[in-house]
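Me: Hi! Could you walk me through how the chains in this model sit together?

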There are 2 protein chains.
Amino acid sequence: MDKVGHWSELAAQLAVDSIRSSTAAGSGHPTSSLSAAHLLAVLWSDHLRTDIANPTSLANDRFVLSKGHASPLMFSVLKAVGAITDEQLLSFRKMDSPVQGHPVPLPDMPWVDVATGSLGQGLPIALGMALAMRMDQIPARAWCLMGDSEAAEGSVWEAMANASHHEVDNLIAIVDVNRLGQRGPTMLGWDLETYAARARAFGWYAIEVDGHDVSAIDGAFVEAEHAGRPVLVIARTEKGHGVSFLVDAEGWHGKALSDEEAERAIAELGGERDLRISPPKPEAAVAPPRNGAEVELPEYVEGIATRKAFGETLAALAVRPDLVAIDAEVSNSTYTEDLQKVAPERFVEGYIAEQNMVGMAVGMQVLGKVAFAATFAAFLTRAYDFIRMAAIGRANLRLSGSHAGVSIGEDGPSQMALEDLAMMRAVYGSTVLYPCDGNSTAKLVAQMADLPGISYIRTTREKTPLLHGSHTPFPIGGSVVVRSSGGDRVTLVGAGITVHESVTAADLLAAEGIAVRVVDCYSIKPIDVATLRAALSETQLLVTVEDHWLEGGLGDAVLAALASEDDLSGRVVKIGIAEMPGSGTPEELRDWAGISAARIAERVRELLG
Amino acid sequence: MDKVGHWSELAAQLAVDSIRSSTAAGSGHPTSSLSAAHLLAVLWSDHLRTDIANPTSLANDRFVLSKGHASPLMFSVLKAVGAITDEQLLSFRKMDSPVQGHPVPLPDMPWVDVATGSLGQGLPIALGMALAMRMDQIPARAWCLMGDSEAAEGSVWEAMANASHHEVDNLIAIVDVNRLGQRGPTMLGWDLETYAARARAFGWYAIEVDGHDVSAIDGAFVEAEHAGRPVLVIARTEKGHGVSFLVDAEGWHGKALSDEEAERAIAELGGERDLRISPPKPEAAVAPPRNGAEVELPEYVEGIATRKAFGETLAALAVRPDLVAIDAEVSNSTYTEDLQKVAPERFVEGYIAEQNMVGMAVGMQVLGKVAFAATFAAFLTRAYDFIRMAAIGRANLRLSGSHAGVSIGEDGPSQMALEDLAMMRAVYGSTVLYPCDGNSTAKLVAQMADLPGISYIRTTREKTPLLHGSHTPFPIGGSVVVRSSGGDRVTLVGAGITVHESVTAADLLAAEGIAVRVVDCYSIKPIDVATLRAALSETQLLVTVEDHWLEGGLGDAVLAALASEDDLSGRVVKIGIAEMPGSGTPEELRDWAGISAARIAERVRELLG
């Protein structure tokens, strides 16, 4: 069989298998799979250089199915390359199957690198992969298949702008222009010219192609591989292509065919086939070094802003060759610039595009990078969907959010993170840290570099006093009892800035004869249940103090910890931000909010009657 | 003085006042203000048609300062138009001043319509304003001043694509291309041509102009006003223009001048002035009707998916002429299509661009629209920064998120909202609702239409049984004790889908002689403290059951409520989603997660020992 015949037959097989799997599941997206069957038949047969037996090899090209709902097509390809069996294919969307409704990387699904299914995320991720390959001089490419509906997502254009700006030449995106979204036509329909004009204006090389003409597709991919720029292959396709009653028809989005419909459709497509393909082998790549010199963490002997300690610790960690930092154009605020100064080749300026920043970090960690992404904590809200999806994809992602709470002062509420702890706690498997001084920050950032999953460190804008020695350990899930005595009548639980206010409040109260325990709860998730339960049990009054909305942050985490193992008994009071702040000095705003030392002491006096 | 002289003098005054106010504050962004002083001098003198004495008039043109950090310039303009005094201007960034670090609409700052300061949000908001004006046939325009750095934000391109697609001709955006971001050059520098090419590819009319040539600016605005399309005025400017030691200089972002520097700068700018201007008057506009026929809510007598009940209630509310719905291309899933069917002129298809969707809703509510924005709840995470900012801007915003929790089944985790309750609880002044049946949904959606602030309703994908009669009231902040008896040994607290599982669990346990109280906690914020406290006090064991991560959702809300007024006493157990789900049927997944009736009953038996 010649190549054209092979590609066409394979495309028909992928279409048939997409129908078979979704009909077996009783749900899924066969029509969105059929539109891209020819594209993937040619790509996986002759262009994507990957070793199926060694899916984690750094030498492989990477493929990201950004239109994750076309999972039947993805899994049909994985069957054709011999990665999964037909039986596995037909377990699509069944309980406990790794062949899930949308692609998810799992131990038994190692050919999927990242979770997709929230549209517009594939391109930022693929860009991160392309950048990581370039950093390690790996002669591989990142390919990304997008749907046309997802071109409406701004994150796509964040990646478009960043890709050309960073001059990547190993990123090829394909947009499957099948004209139909979930509920009807897309904004641009089959106006390929406008897609091309947009891509070119964003600095990309654009190729228009008939997405069902396998020779033309092959030609487009060859052209793309030699463009020397990021490339968008714009393919005119038909949703439901190849089946008379599905083709270009509305009302078929996300619907599986009935058994009878499937039978008819498969007959139209020429019946079942069992072609097997072997993608081209990757070029040899030299694995980059993973171990560097021993890390010497900074040791502080005086106060420092924890955001600055974060940056200095990153710089210290730069002896690890796998360490990378990405910032959203505020590196002189988050202090990732400290890493940039010592390892400029491992710093990526992501500009003001937080979604793309997190997406790039996800892509980079696929290739083994220990990626820290940083911006103002308030603006990480912009990337919440990417963070959520990263957790689904079991990504190892390190996030740093500076400028926490009302303590930033004059800039006002738009720059104040007051919901970041709630947001980050509600991420699967996340670690949420909020240190109060330089030494604890250094220890925690160092641990983040080796933590699996999504970890987050919240840092404070202003300089804070040194509270801990440089030899104190700060295990994840721990806390430090900063002061305590046998006669403690109340426990103050703070994190970050409020630890200092709590210590001062304890001083004020001690002068009045009220003994106060103070806990530095630097690890908000996981949290130190034992210390908190003991404190409530021993003092019977526990007051949490946080520079965060009262919902979902430290106070709620402490309450959940206290309730987690046994009966509740005692009084727990949460102090935090209850009204909308404005501008003011940090001191004025903390006092206004009730989280200054004076206000904490006042509240404790009231509570003790 | 001729117009050119007037504009130039006014621009110098705005520059001087930007320096005076930021130096008085000791912080702020004078250089980012200076780059746009000529632009706003011409705009507010001769193009923005607004009645300063009547800032809420629907006839006014609207101005959105998307580059919110240029607040010194904004407030200097408000002084020049007589809206605020020089004394107020100099209270910039001071505690309790309405002249905040970034613009915020407040009772004493009615000339600011929306909060800005998180970049890339102004254009979606201005687009919403333009659409609302068109709906009401108001001959006004929405103007938006953007910075060049924020062109990196994808949300800008979401609005660009939507604006041309929706063919608005009353939206004029100005981009202040001063070449410098916070930490250095932007991606495009002074490459105005590329900005123009991008705008044109996105269907906009683009005009390049020297942003310090007042005649050219005036000409550009005249051209823009007659373009018949959305217009991007691309202005080449200098950061710190007019001051020798600031102009186009790095290292001056977000820094106030010292007193001495300010004195020198003001001298260079020709000293203080006190020009007053009156913007052109708006064209007369007929206020749209605000009251419609009486609303007849749907009354259900059998089960229905709450998402469908939401859509049908929206359709019933359509008799209110101010009601609008916006969707992110899933209207046949969220059922906003039910509103579209009865009032197509008040439905806006926002395509897959959740940030822009929420931004448009914020813009529309400025003009009095009661805007509901809907998508899958999981994808509202995409718009979290917009929601956060909407709360800062005291916007009235109604959000609906469908497809909650593992109960969506086969589509898998990418489509499952498991963090939305945590996210929405941590929004200032928010209302968070999660009804379990058709009748409660109808009552709650109707109340949302009149609620101030940010309200959110979470809906379930699958059909759920009818639990409540159509005459039961469902006050915000209330709950319904679905069953109880004197001998209750445990209270199950559910919301949405888990109410049904809890009721069935109670049936199972009742058959074993264990009396169980069940609470339908449909209002998660505010929450019914009294009912929950009574339940814990009377049953001593309270189990929360939620189809949501264990962090930040119903369980944490209940714990916070129990702790809020008095000592804690008793056992509280949270059941929710603790591991990452995959695909499966809704029933299989609820059982796997421990939130099925059988698993709830099992857990209760264990707890009762």
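**Where the two chains meet**

Reply: Across the interface of chain A and chain B, 52 residue pairs are in polar contact, both at pLDDT 80 or more. A polar contact is a pair of N or O atoms within 3.5 Å; within protein, one must be able to donate a hydrogen and the other to accept it, and residues adjacent in sequence count only if both atoms are side-chain atoms. This is a predicted model, where local features need pLDDT of at least 70, side-chain atom pairs count only at pLDDT 80 or more, and totals for chains, interfaces and linings use all residues. Residues are numbered from 1 along each chain as its sequence is written, chains are lettered from A and ligands numbered from 1 in the order written, and side-chain values use heavy atoms, leaving out hydrogens and water.

Me: How many salt bridges are there between chain A and chain B?

Reply: There are 14 (a side-chain nitrogen of Lys or Arg within 4 Å of a carboxyl oxygen of Asp or Glu). One of them joins B:Arg183 to A:Glu349, with the closest N and O atoms 3.2 Å apart.

Me: New topic: what turn lays chain A on chain B?

Reply: A turn of 180 degrees, with a shift of 0.0 Å along the axis, gives an RMSD of 0.0 Å (superposed by least squares on the C-alpha atoms of residues with pLDDT of at least 70 in both). The two copies are thus related as by a two-fold rotation axis.

Me: And which residue of chain A comes closest to that axis?

Reply: That's A:Gly154, whose C-alpha is at 1.7 Å.
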